[in-house]
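Biologist: Could you put the model up, so that we can go through it together?

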Amino acid sequence: MKKIGIIGAMELEVEALKAKMTIENTVQKASMEFLEGTLNQTEVVIVRSGIGKVNAALCTQILCDLFQVSHIINTGVAGSLKAEINIGDIVASTDALHHDVDARVFGYPLGEVPQMGCLSFAADDHLLNLAVSCCKEVNPDISVYQGRIVSGDQFISDKKVKESLIENFQAFCVEMEGASIAHAAYLNHIPFVIIRAISDKADDSAEMDYPAFEKAAAAHSAALVEHMLPLI
Ligand code: ADE
């Protein structure tokens, strides 16, 4: 049976979805609150993971173990790594990788976790296609892109660091959780997609732009997730 785990790192990334769902059960685990119930006629578990890769990986494993979710969606905001991807636009993941993993000394490409057998974790095609088609319906004024998302335990607000991420990974946007959700979903054989709305350009203006745009950007991503649920 279909049960969708929905993860947002911060409260503002999940608050609209939580407010709209019918809550049947609340479970506390690892200092996170998992809300079980229905949203848009679909069984869901919605949770705020906390920020960063460790929180997100723990959260994903709990969704698999305790709730036996069938699919995982990560909703939230990100910094753009492409000039044409503007604040408010949406990026849906084709794949995700850890930009802060470096085992090149052993011959692995930058970003590859040793002995995993893959550089990046591929998103589910059905979830990705749904995210793109639903975005065009729900947010017709916003551009939606499909591409690689990179994650690390750093807020990127430096033009030089941004340029190195673009050169090394050809990524569309950067955030702090997606790759570890993807990684944990991959290990558990659970289909996933990451959906991120752009809150800043991950450069020297990010510190100013992020607080100004995070709320509206998070709302775009959440509206899209709600819309796609019954179609999964
Ligand atoms: N989330 C939103 N913007 C970000 C940035 N610039 N770096 C990392 N995570 C982000």
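**Helix and ligand site**

Modeller: To start with one residue, glutamate 167 has its place in helix H4 (residues 159-169), where helices (H or I, at least four residues) and strands (E, at least two) are DSSP runs numbered from the N terminus. This is a predicted model, in which local features need pLDDT of at least 70 and side-chain atom pairs count only at pLDDT 80 or more, while totals for chains, interfaces and linings use all residues. Residues are numbered from 1 along each chain as its sequence is written, and side-chain values use heavy atoms, with hydrogens and water left out.

Biologist: Is glutamate 167 buried or exposed?

Modeller: Glutamate 167 is exposed, because its relative accessible area is 63% and exposed means over 50%, buried under 20% and partly exposed in between (1.4 Å probe, protein chains only).

Biologist: Switching to the ligand, which residues are closest?

Modeller: The ligand is surrounded by 13 residues, the closest being Gly79, Phe155, Ile156, Glu175 and Asp200, where near means a heavy atom within 4 Å.

Biologist: And which strands supply at least two residues of that shell each?

Modeller: Those are strand E5 (71-80), strand E9 (173-175) and strand E10 (192-200), and E5 gives the largest share, three residues.

Biologist: What about the distances from ligand nitrogen to isoleucine 156 and aspartate 200?

Modeller: A backbone N or O atom of isoleucine 156 is 2.9 Å from a nitrogen atom of the ligand, and for an N or O atom in the side chain of aspartate 200 the distance to a ligand nitrogen is 2.7 Å.

Terms used:
Polar contact = N/O pair within 3.5 Å; in protein donor to acceptor, adjacent residues only side chain to side chain.
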